[in-house]
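Trainee: I should like to learn how to read a structure of this kind. May we go through it feature by feature?

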Amino acid sequence: MSGTRAVWNSTALLVLGRIYGSACTFLILWRLSHALEPAEFGRFTFWMAVFSVLDTWVDFGTGQTTVACTAAQPARLPVVLRAARQLRLAHGLGGFLILGLAAWLGGEQGAFWIALAALYPLTHALELSTAAKRNAIDYRVHTLTRALSSTLWIVGTSALLAWGDVDPTHHLVAIALGSSIGNIVLHAVLRRELPTSDERTSSWELWRMTLPLGLAALFQQAYFWVDNLFVRAWCGDELLGAYNIGMRVLSVAIMVVLFATGAALPWYTREHARGALAAAVERMALPLVTLAACGAALLAPWSAEALGIFGEHARAAAGALPWLLAAVVAIHLGAALLTALIATGGRKQLLWISATALGINLALNWWLVPAYALEGAAAATLCTEAAVAGMGWIALARAGAAPRFDRARWLAVPAIAGVSWWMSHLAHSTWSAA
């Protein structure tokens, strides 16, 4: 199968799995947003955001580094895989201790259950068993086990609600348990297909390779979710819950580009070796950005109605959602560029871009959230993601692999977005007047 075709087929499969997973997540959020008090729901979404950062800390670039080190040299897989698992276990234990201590010292209600839920990233060491399949751009088993985890989330949270349990930390444990079972099943299915070797390598050596990429990914997750700290401090848990529903909408909206660029990494690496990376990036970026701009423009006029599904309290984020939807477009472009930067070996450049973006996001949130509340946090997200895309293009240009962005084709993107917004706005006005 050709590189492009394999990437798009895998992306389609991953997107189908993510649609199912997102549907499960939104069902859980919908049920909890009605079952929990708004402030308790906000606390639940806050810790879900923290666990997203924890997942990135445990991965610390080991997934992408394993692919990058073995895509062209599959014989190295057993050695690299063993070292990567050791790193994930070490990071998982460290994350558990830090998070458990922070919850206890911070006086969080249910600190014990938060710490218990924080143990689940240890099973991410088993998730690395997908490495050989990822190199082959085959995500079937990965998608099915993720669907299993999502189903278990619903089973666990539904059982707790049936028992009348509305403690948000108990629901965190139920979701963590579902994710752990999914990783265990994934490893059990794939472990027999993995090659073996008695050769060993130092996990310290692999850690040095992953350090720039791991820190970059951690910074990326940090600037994606750090606004939770500012919104919680200045606006309270109730408004935080509304804002995080908008952030979940953003997360779903970027699933195509995250999977597409993730699946494209082995192909990007091979295209870079052939000197054709710039053309490959543009072939990926243009349809993705066009799709994102069209979707964001269609949804923006319906922000209040979309959020209102989760209860009247969620409508408080209606002014913030259009800013987040605009950020979706910037993320689509930035993801394609940064993945290409990884393929060139530009891990240090990626680290500096991510660190700079975190600094920009912290400064903007500090400035905008006290004055503009949720809209300020969303505007900070948009500005940060736009800056990331710009810095990514500059870094690729220096590496001689930046796409040229043919003007005639790219000018169609704002035109399509404008027409989409006008049609959606007209439909919304007609619906509101009826």
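Mentor: We shall proceed from the overall fold to the core, the helices and the rings. This is a predicted model, in which local features need pLDDT of at least 70, side-chain atom pairs count only at pLDDT 80 or more, and totals for chains, interfaces and linings use all residues. Residues are numbered from 1 along each chain as its sequence is written, and side-chain values use heavy atoms, with hydrogens and water left out.

Trainee: How many helices and strands does the chain have?

Mentor: Helices (H or I, at least four residues) and strands (E, at least two) are DSSP runs, numbered from the N terminus. The chain has 18 helices and zero strands. Contact means heavy atoms within 4.5 Å. Among contacts in the chain with a separation of 6 or more, 83% are between residues 24 or more positions apart.

Trainee: What percentage of the residues in the chain is buried?

Mentor: Buried means under 20% relative accessible area, exposed over 50%, and partly exposed in between (1.4 Å probe, protein chains only). Of the 434 residues in the chain, 53% are buried.

Trainee: Which residues touch the most other members of the largest nonpolar core?

Mentor: A nonpolar core is a set of buried Ala, Val, Leu, Ile, Met, Phe, Trp, Tyr and Cys residues joined through side-chain atoms within 4.5 Å. The largest one has 105 residues, and F51, L172, Y243, L250 and Y268 touch the most other members. Helix α15 (residues 321-343) supplies the largest share of this core, 14 residues. Another core, of seven residues, lies apart from it and includes L81, A83, A84 and L87. To return to F51: not counting residues up to four places away in sequence, F51 touches L99, I114, A117, A118, Y120 and L172.

Trainee: At what angle do the axes of helix α11 and helix α16 cross?

Mentor: Axes are lines fitted to C-alpha atoms, for helices over the stretch in contact, and angles run from 0 to 180 degrees between N-to-C directions. The axes of α11 (residues 227-253) and α16 (residues 347-398) come within 11 Å and cross at roughly 60°. Therefore α11 is oblique to α16, since angles under 35 degrees count as roughly parallel, over 145 as roughly antiparallel, 65 to 115 as roughly perpendicular and the rest as oblique. Residues making the contact include W234, Y243 and L250 of α11 and W366, A373 and T381 of α16.

Trainee: What is the phi of A373?

Mentor: Most residues other than glycine have a negative phi. A373, which lies in helix α16, has a positive phi of about 55° although it is not a glycine. A373 counts as partly exposed, at 26% relative accessibility.

Trainee: Is E385, also in helix α16, buried or exposed?

Mentor: E385 is buried, with a relative accessible area of 7%. Leaving aside neighbours within four places in sequence, E385 is in contact with Y223, F224, A327, A330 and I331.

Trainee: How many aromatic pairs are there?

Mentor: Rings of Phe, Tyr and Trp (its six-membered ring) pair if their centres lie within 6.5 Å; planes under 30 degrees apart count as stacked, over 60 as edge-to-face and the rest as tilted. By this rule there are ten aromatic pairs. One of them, W57 with F60, is edge-to-face, at 5.5 Å centre to centre and 75° between the planes. W57 is partly exposed, with a relative accessible area of 26%, whereas F60 is buried at 3%.
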